[in-house]
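Here are a few exercises to work through with the model open on your screen. Try each one before reading its solution.

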Amino acid sequence: MDKFSIEGSKTLHGSVDISGSKNAALPIIAATILCNKPCTINNVPDLADIVTMLKLLENMGCQYSFSNNSLKIDCSKLQSTKAEYDLVRKMRASILVLGPLVTKYSQAIVSLPGGCAIGVRPVNLHIDALKAMGAKINIEQGYVHANAKKLKGAEIYFDTPTVTGTENIIMAATLADGKTTIYNAAKEPEVVDLANFLNKCGAKISGAGSSTIEIIGVDTLKGSEYEVMPDRIEAGTFMCIAHATRSSITINNAPLYCMHSIIDKIQEAGADIHIKNDNTVVVSHSKFLPVDIKTFVYPGFPTDMQAQFTAMLTLAQGTSIIEETIFENRFQHVAELNRMGANITISGNKAIVNGVKVLYGAPVMATDLRASASLVIAALAAENTTEVLRIYHLDRGYEFLDKKLQKLGAKIKRLPQ
Ligand code: EPZ
């Protein structure tokens, strides 16, 4: 288990290249189960979650080689349709194999993911939708047992626009019999990236990115070569790093087209944003203003950016109100930030962030992926040295973050805990 040792208050400079999106790569890798030929997926980030997904598929009989962010994968001859608990518990996104397995192999046994630090994380919407498409589903000893001779197209309405729920049903519907329409679908850009990959493989998906998605089932899907979109959450995290450390950095390969809410809020917090072209932005600090944030489904402000903004706004001149509307327990970073001298109080699903002049280094504990990113941001801005423990949480979703920060001039070291 590793930790980071970070010497704070260093002004950063230079440029950083954003990696491929974890939350686009994971469903796309799961979708290769549907293809009857090998696929090449490029710009895949080298992350713990990606390795977990590949192990899960390898245990079912998939073959792959992964180097230099390029994945060559062949899932056309799986010998098993079981996703074991010991891998699923490490990564909730494993539920994304359920839809592809049922529609391609007529059966699946997938461990229920269980909750995680940020919430209960149910998958009832995934299961109800598959039932509406004709799947027989039983929950036995913590596993979802799903069977369907041939899934049938259906009209699916989601109570809440679930991201992986939308992705699961898009994948299930690609080989179903007839047309499936998803109402109140998630509109996240990662859903669009999945649909673009599947259409390149011969699927018939329209409306991805809107709240109504239509999928006409086809008989087979071929293999294809595809490049995963850049990670908007990593790009947003580096914007917070620049502003919190009063630095000016250039962010390359950022998917600016889908970052309007993040850019708008970082500007409101007093950063200067200079957009050089479609995917290059210079973020410079000028003044530190408080900002009110309310997380919402896309295109609203992303919940995956909440912890990073909370950390950054601990130093604003004034009070910020951060409202978390997606997950019920996504303020675990607050207690750790307060140990560094922040002044944050929680009231229900709101964090009231009273700006302070200085944060102080301290040993802090990461609890989940984005909370760990928020502690790194605070550590970079704080006086003295901070140790961030349990950074395996961070390694799940940020590719070589320490190396990227060292290149910007940060004093950060990865040490055995
Ligand atoms: C995806 O999780 C992302 N993960 C999360 O990113 C992200 O925070 C989340 O979407 C919201 O944007 C991946 O894409 C792999 P949801 P997902 O289903 O799909 C409720 C990160 O940091 N819900 O959109 O699991 C649920 O409880 C991770 O990279 C049900 O009630 O999220 C939540 O309140 C963290 N029943 C809300 O919907 C269901 O069946 C949104 O969850 C499914 C969801």
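Domain bounds, which we need before talking about domain centres, come from an automatic or database domain assignment. Keep in mind that this is a predicted model.

**Exercise 1. Find which stretches make up domain 1 and domain 2, and how far apart their centres are.**

Start with the assignment: domain 1 takes 2-19 + 230-416, and domain 2 takes 22-227. Next, take the centres over C-alpha atoms; 30 Å separate the one of domain 1 from that of domain 2. Then look at who takes part in the contact, counting heavy atoms within 4.5 Å: domain 1 supplies 25 residues and domain 2 supplies 22 residues.

**Exercise 2. Work out how much area domain 1 and domain 2 bury between them, and which residues of domain 1 lose the most.**

First, a bit of background: the accessible area lost when parts come together is often used to give the size of an interface. Here that comes to about 1,800 Å², with 51% of it on carbon and sulfur atoms. Now go to the domain 1 side: Tyr298, Arg396 and Glu399 lose the most area to domain 2, and together they account for 32% of what that side buries.

**Exercise 3. Say how many salt bridges and polar contacts cross the interface of domain 1 and domain 2.**

Begin with charges: the rule finds two salt bridges across the interface. Separately, have a look at Arg396 and Asp49, whose side chains meet in a salt bridge at 2.7 Å, N to O. For polar contacts across the interface, the rule gives eight residue pairs. The residues of domain 1 touching domain 2 split into ten nonpolar, five polar and ten charged.

**Exercise 4. Identify what surrounds the ligand, and how much of its area the protein covers.**

Of the 21 residues around the ligand, those that come nearest are Asn124, Thr162, Thr164, Asp304 and Ile326. Next, check the ligand's oxygen atoms: one is 3.0 Å from an N or O atom in the side chain of Asn23. A polar backbone atom of Leu125 is 2.8 Å from a ligand oxygen, and a polar side-chain atom of Arg370 lies 2.9 Å from one. Finally, the cover: on its own the ligand has 820 Å² of accessible area, and the protein covers 86% of that.

Conventions
Residues numbered from 1 in each chain as written. Predicted model: local features only at pLDDT ≥ 70, side-chain atom pairs only at ≥ 80, totals over all residues. Heavy atoms only, no water. Buried area = accessible area lost by both parts, 1.4 Å probe. Salt bridge = Lys/Arg side-chain N within 4 Å of Asp/Glu carboxyl O. Polar contact = N/O pair within 3.5 Å; in protein donor to acceptor, adjacent residues only side chain to side chain. Nonpolar A, V, L, I, M, F, W, Y, C, P; charged D, E, K, R; others polar. Near = heavy atom within 4 Å. Areas by Shrake-Rupley, 256 points an atom, 1.4 Å probe, with all protein chains shown as cover.
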